[in-house]
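Welcome! Open your viewer, get your selection tool ready, and follow along one stop at a time.

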Amino acid sequence: MLIEKDMKLADVLHHDHNLIPVISRFGIKLGFGENTIEEICAAQQLDSDFLLTILNTFHDPLFFADRHLKSFPVGLLISYLKETHKNYLNERLPYIALLINRLTETSSDHKTAYQLLMNFFVEYKKELTKHIEREEKVVYPYVLQLEVAIASGTTSDALLQQVNTYSITDYEEEHENVEEKLFDLKNIILKYLPPTTDQNLCFTILHELFILEKDLNEHARIEDTILVPKVEEMERIINKRA
Amino acid sequence: MAKTIKIVLIEQAFLLAAGIESLVSELHGVFVEQVYHGSEHSLTDKVLGHKPDMIIINPHAIENQLLSVIKTFQQEPDIKLVGLLSTKAPDNIKSRFAYYLNRDEGKFDLLEGLKKIIGNDLEKPAKKTRILSNREIELLKQVCLGHTNQEIADKLFLSVHTVMTHRKNITKKLGIKTVSGLTVYALMNNLVDIREVENRG
């Protein structure tokens, strides 16, 4: 389904509930009644074209986000990506940690096994956090500098050197190891966890992990299909100018 | 036997191509890697470049080049050539293909047809793959203790290549890719002692 401005947001979310975290990252609160996407954006001073592009990209892997690229500044995209990161670090991951911790506390048997699971999750969390910090401290500032340089028409030597040594294409490859750990985590719980008295808790943990994985994949896809091409274009412009 | 079946589809109409992709996605391990419209320059090279297990062709997509295209593909004995035909397709077209799918059939008839064409080519998940051999367990322990492939090879009198093959098999059997994941597995199953792991370098 192609999501459009004049659709009621409630209808869109009925159709694809995976979009709920997306609207929360835009700061849209529940209780939006019969309002359409356009009306909600106008009331909250959000860029409705940008919200639509993100919603559609998230909703349908075949949506051609690049066609809509030029309509919004890269800063907008980056602030969205940062909101997503905040959501992972401050809400998702701590919540899963809480659930796994509950597992270690409530079961009388196999305490060591659950503790091991917890340690593994902590390790995963650390790695994902490191990856996110790198994006926010290195990648995003670089991208924003590119945008400033293009808007102002002047490129500093330092930036030019950075364009030549670091290219955004390198960045696509950096996602992998973090993904493998999440894959392992799911399999350990699905296949090898010793029986627990609280099966429901395990189901909830698994469910959360699957949601997290899907969300991370969409996040990576937004970076790869919207951010990376846009930055590549800026890199080309700057290189041509030099 | 192949682990997966890779299909290249030659179909001009988006609707039909999308339909075939949706149908194929119902079968585990079978996927459409690429769709060509049929009018591409050096089509046969492009198609064969994917090293497909199966090529599905709608004759309408390539019209008058059909004969030469089919002839080229027939020189690859390992590739199954499937025509996507309507019930009304003339016999002289049907007979050009080793296999064909009748596009006028319903979903489950089409799936049955596709399964028959695939036959035994698809590797079924082997039974009891979960169980590691003694050698693999020995190797897994070494991995969990933090040893490198070279160190493990020296210790167990194996070549590095063999160590790597074992590691690949362990990952395949357990569905665990990372060293820390493997360590959790080994600890949960008492294959290694937690103190040994904590003492690793």
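## Stop 1: where the two chains meet

Select chain A and chain B together: across their interface the rule finds 0 salt bridges. Keep in mind as you look around that this is a predicted model.

What does the contact between the chains consist of, then? Show the residues on both sides, and you will have 14 residues from chain B and 15 residues from chain A. Between the two chains there are 5 residue pairs in polar contact, counting pairs with both residues at pLDDT 80 or more.

Now color the helices of chain B. Two of them, α9 (160–174) and α10 (179–188), each give two or more residues to the side of chain B that touches chain A. Which one gives the most? Pick α10 of chain B, which supplies 6 residues. If you color this side of chain B by residue type, you will find 7 nonpolar, 4 polar and 3 charged residues.

Try a surface view next. The area buried between chain B and chain A is about 1,300 Å², and carbon and sulfur atoms give 70% of it.

## Stop 2: two domains inside chain A

Hide chain B and give chain A two colors. Use one for residues 9–68, assigned as domain 1, and another for residues 73–241, assigned as domain 2. The centres of these two domains of chain A, taken over C-alpha atoms, are 22 Å apart.

How many residues are in contact here? Select 14 residues in domain 1 of chain A and 15 in domain 2 of chain A. Together the two domains bury about 1,300 Å², with 66% coming from carbon and sulfur atoms. Show A:R25, A:F50 and A:F58 as sticks: these three supply 50% of the area that domain 1 of chain A buries against domain 2 of chain A, more than any other three residues.

## Stop 3: a salt bridge

Keep A:R25 on screen and add A:D215. Their side chains meet in a salt bridge, with 3.0 Å from N to O. The rule finds 1 salt bridge across this interface between the domains of chain A. There are also 4 residue pairs in polar contact between the two domains, with both residues at pLDDT 80 or more.

Finish with the helices of domain 1 of chain A. On the side that touches domain 2, α2 (20–25) and α4 (48–59) each supply at least two residues. Zoom in on α4 of chain A, which gives the most, with 5 residues. Colored by type, this side of domain 1 of chain A shows 8 nonpolar, 3 polar and 3 charged residues.

Note on methods:
Residues numbered from 1 in each chain as written. Chains lettered and ligands numbered in written order. Heavy atoms only, no water. Domains from an automatic or database assignment. Contact = heavy atoms within 4.5 Å. Buried area = accessible area lost by both parts, 1.4 Å probe. Salt bridge = Lys/Arg side-chain N within 4 Å of Asp/Glu carboxyl O. Polar contact = N/O pair within 3.5 Å; in protein donor to acceptor, adjacent residues only side chain to side chain. Helix = DSSP H or I, 4+ residues; strand = E, 2+ residues; numbered from the N terminus. Nonpolar A, V, L, I, M, F, W, Y, C, P; charged D, E, K, R; others polar.
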